[in-house]
Every structure is written in C-alpha cells, then in structure tokens.
Amino acid sequence: MLLAAYLTRFDRTERALELYRQAAHLEPQRVEPFIQALSLAQRSRNAEAVVWSAPEVLAYAWGSDRAPLRRNAEQAAADAIQQLTKEGKLSKAIELQNRMNSARELDLVVRLDWNGQGDLDLLIGEPSGS
C-alpha cells in the first residue's frame, strides 16, 4: 500500500493500481486498497480499475460514517459505465452494473421486538473489524 501511494506521486498510475490489486488480493476483507484504487482510477479515468474496485468499496463501506465512500463508489461506477458504453465495451459495463447491484445487497438484517422492562445490548462484528 505504501509503495503504491509512493508510485502515485510520480504518476506511475498503472503500477500503483497493480499494487493496490495485489494488496486487496492478500487481504480481501480490508477496504483500504479498494478505496485508494478507486480514487486513483477516478483521477486517471481508468474504467477497468473502477470495475474491480467500486463494487468492493460499496460492499464494505457500511455505516453512517462511510456514506461519502458509498456515494463516491456509486458515482465512479456510473461514470465508468457511461465511459465503457461509449467505448463499445458493453459486456464490461454490464458486468460492473451487475457487481454494483450485488454489492448493494445486505448480508444480514436484524429486527428486534420485545415488550416490558427488558434490556438488550447487541454487538455485531464484521470481518472488516467494524
């Protein structure tokens, strides 16, 4: 991750994206490589990098503190879909749309109902540590 960030400073975008992809492969439960790669992909208008990074950011960026990340991933995906469509890469555009739809699905929904004086404390830990 540090090397990728360093290479970014010297406009070595493609190599930095490769390193972010490797970091994501080594620790797929971590969202940071995807966030950094998405930011870099947006700046360089690399739609292919958005295809693999935006759905992952969307899938892992839950919680009220991560709403800006989700909005950014949605916008990046919309822009990439438009770019891919203009370039005639319809299969990639459809792939990205399908992956974004899958990333929007919730894995777990908890509903608690009770009556009386009882109290309940519920703590749910995600693989990402949140």
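Which helix holds Asn 72? In this predicted model, Asn 72 turns up in helix H5, the run covering residues 67-86. Its relative accessibility comes out at 30%, so Asn 72 counts as partly exposed. Setting aside neighbours within four places in sequence, the contacts of Asn 72 are Leu 38 and Gln 42. Leu 38 sits 34 residues away from Asn 72 in sequence, yet the two C-alpha atoms are 8.8 Å apart in space.

Another residue of helix H5 worth a look is Gln 83. Here the relative accessibility is 16%, and because buried means under 20%, Gln 83 counts as buried. Once neighbours within four places in sequence are left out, Gln 83 is in contact with Arg 45 and Ala 47. Ala 47 belongs to H4 and is among the residues through which that helix meets H5, while Arg 45 is placed in the loop between H3 and H4.

That brings up the packing of H4 against H5. Two packed helices are described by the angle between their axes and the distance between those axes. For H4 and H5, the angle is about 150 degrees and the axes are 9 Å apart. Angles over 145 degrees count as roughly antiparallel, so H4 and H5 fall into that class. The crossing of H4 past H5 is left-handed. On the H4 side, the residues taking part are Ala 47, Glu 48, Val 50, Val 51, Ala 54, Val 57 and Leu 58. Facing them from H5 are Leu 69, Arg 70, Ala 73, Glu 74, Ala 76, Ala 77, Ala 80, Gln 83 and Leu 84. Sorted by class, this contact of H4 with H5 has twelve nonpolar residues, one polar and three charged.

A second helix pair, H1 and H2, can be described in the same terms. H1 and H2 pack at about 165 degrees, and their axes lie 8 Å apart. That angle makes H1 roughly antiparallel to H2. The crossing of H1 and H2 is left-handed. From H1, Leu 3, Ala 4, Ala 5, Leu 7 and Thr 8 take part, and they meet Arg 15, Ala 16, Leu 19 and Tyr 20 of H2. The class split for the contact of H1 with H2 is seven nonpolar residues, one polar and one charged.

How many aromatic pairs does a search of the whole structure find? The search turns up two. One of them brings together Tyr 6 and Phe 10, edge-to-face, with ring centres 5.0 Å apart and 65 degrees between the planes. Tyr 6 has a relative accessible area of 43%, so Tyr 6 is partly exposed. The other pair is Phe 34 with Trp 52, also edge-to-face, at 5.7 Å centre to centre and with 65 degrees between the planes. This pair links distant parts of the chain: Phe 34 comes from helix H3 (residues 32-44) and Trp 52 from helix H4 (residues 47-60), 18 residues apart. Both Phe 34 and Trp 52 are buried.

The loops have some backbone details of their own. Asp 11 is found in the loop between helix H1 (2-9) and helix H2 (13-26). Its phi is near 55 degrees, a positive value in a residue other than glycine. Asp 11 has a relative accessible area of 66%, and since exposed means over 50%, Asp 11 is exposed. Arg 45, in the loop between H3 and H4, likewise has a positive phi, near 55 degrees, and is not glycine either. With a relative accessibility of 58%, Arg 45 counts as exposed, although Arg 45 is also one of the contacts of buried Gln 83.

Last comes Asn 98, which lies in helix H6, residues 90-103. Its relative accessible area is 43%, so Asn 98 is partly exposed. Asn 98 and Pro 68 are 30 residues apart in sequence, and their C-alpha atoms are 21 Å apart in space.

Methods:
Residues are numbered from 1 along each chain as its sequence is written. This is a predicted model: local features need pLDDT of at least 70, side-chain atom pairs count only at pLDDT 80 or more; totals for chains, interfaces and linings use all residues. Side-chain values use heavy atoms; hydrogens and water are left out. Helices (H or I, at least four residues) and strands (E, at least two) are DSSP runs, numbered from the N terminus. Buried means under 20% relative accessible area, exposed over 50%, partly exposed in between (1.4 Å probe, protein chains only). Contact means heavy atoms within 4.5 Å. Rings of Phe, Tyr and Trp (its six-membered ring) pair if their centres lie within 6.5 Å; planes under 30 degrees apart count as stacked, over 60 as edge-to-face and the rest as tilted. Axes are lines fitted to C-alpha atoms, for helices over the stretch in contact, and angles run from 0 to 180 degrees between N-to-C directions. Angles under 35 degrees count as roughly parallel, over 145 as roughly antiparallel, 65 to 115 as roughly perpendicular and the rest as oblique. A crossing is left-handed if the near helix is turned anticlockwise from the far one by less than a right angle, and right-handed if clockwise. Ala, Val, Leu, Ile, Met, Phe, Trp, Tyr, Cys and Pro count as nonpolar, Asp, Glu, Lys and Arg as charged, and the others, Gly among them, as polar.
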